[in-house]
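Morning, everyone. I have one structure to walk through today, and I will keep it brief. Here it is.

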Amino acid sequence: MRKGIVQLVAIGVVIGVLATLVAVLFQWLPTSASEEFDRIQDIYWFATVISIAIFSLVTAVIVFSVWKWRVADDDDADGPPIHGNTGLEILWTAVPAVLVITIGIVSAVVLARNGEAGNRPLEVQAIGQQFTWKFVYSDYDDLTSGELVLPDGQEVRFTMTSVDVIHAFWVPNFGQKMDAVPGIETTILVTPTRTGDFEVVCSELCGFGHATMRARARVVKQAEFDEWLQEKRA
């Protein structure tokens, strides 16, 4: 019995290591460039660890069972009747329930934190129209730009709307995504943490030109952002 348990654990460890390598050696998500996406990725890895553990356990039991209890090719007899195990059934019901509830609670906490605005977020309107984006800086006399420029470390509140059909505002490196709906204003918060150039995409099928609905997002230092504002006002 003890030998079988050791073998089962060894199989599970090997499968867990292989699954972990697949998880960490491939780039599954965009590189984070915002505080909000950092929190989202924390949930992703939390759920990934749980998934690897469950996958390793279930797969190890299957492999061990096939290896140890396979029948001979010429054995057509029925297997012995096995009575149910109430304790085991309660365990494999309770544990997944607790894990799912835990993931739900952690996700709710992150969702709430990602929706909490600070004292003075930068207000930017993201307006979608087939097949382009327009950005209006409400804090700077409704300055309008086809390029999204943001200061590094400054919390930004995006207010999305559309002038024609449903679009969806998404910068993959920022993590946050929200629909832009005609006649409705929706909001998300983003706090950039890394300077660089990123891409604004529409993630809602909005017509034949959907694939071309792109804009550039630039995260710059505050001084460069101030210079950009002066140039746009000139």
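**Two cysteines, then the core**

Let's start with Cys-202. Cys-202 is buried, with a relative accessible area of 4%. Keep in mind that this is a predicted model.

Which cysteine sulfur is closest to that of Cys-202? The one in Cys-206, at 3.9 Å. That is too far for a bond, because a disulfide needs the two sulfur atoms within 2.5 Å. Cys-206 also counts as buried, at 5% relative accessibility. From the side of Cys-206, the closest cysteine sulfur is that of Cys-202. The disulfide count comes to 0.

Now the strands. Strand β9 covers residues 196-202. β9 runs antiparallel to β10, and 6 bridges join them. Within that pairing, Val-201 stands opposite Arg-214 of β10.

β10 has another partner, strand β4, residues 148-151. Here the two strands run parallel, with 4 bridges between them. Leu-148 has Ala-217 in β10 as its bridge partner.

Is β10 mostly covered or mostly open? Mostly covered: 5 of its 7 residues, in the stretch 214-220, are buried.

On to the largest nonpolar core. This core holds 32 residues. Those touching the most other members are Val-124, Phe-135, Tyr-137, Leu-148, Phe-158, Phe-169 and Val-200. Several elements supply at least two residues each, among them β1, β2, β4, β9 and the helix α4. Which one gives the most? β10, with 4 residues.

Take Phe-135 as an example. Set aside its neighbours within four places in sequence, and Phe-135 still contacts a long list of residues. That list includes Val-124, Leu-148, Phe-169 and Val-200. Phe-135 also contacts Ala-215.

Now step back to the whole protein. There are 4 helices and 10 strands. Along the sequence, three helices come first, then the ten strands, then a final helix.

What about overall dimensions? The radius of gyration is 26 Å, whereas a compact globule of 234 residues would have one near 17 Å. The C-alpha atoms fill a box of roughly 85 × 35 × 30 Å along the principal axes.

Of the 234 residues, 35% count as buried. The exposed surface is about 14,600 Å², and carbon and sulfur atoms supply 61% of it. Among contacts with a separation of 6 or more, 67% link residues 24 or more positions apart.

That's my tour. Thanks.

Notes
Residues are numbered from 1 along each chain as its sequence is written. This is a predicted model: local features need pLDDT of at least 70, side-chain atom pairs count only at pLDDT 80 or more; totals for chains, interfaces and linings use all residues. Side-chain values use heavy atoms; hydrogens and water are left out. Buried means under 20% relative accessible area, exposed over 50%, partly exposed in between (1.4 Å probe, protein chains only). Two strands pair if DSSP finds at least two bridges between them. A nonpolar core is a set of buried Ala, Val, Leu, Ile, Met, Phe, Trp, Tyr and Cys residues joined through side-chain atoms within 4.5 Å. Contact means heavy atoms within 4.5 Å. The radius of gyration is taken over C-alpha atoms; the globule rule is 2.2 Å times the number of residues to the power 0.38. Accessible areas come from the Shrake-Rupley method with a 1.4 Å probe; for residues, only the protein chains shown count as cover.
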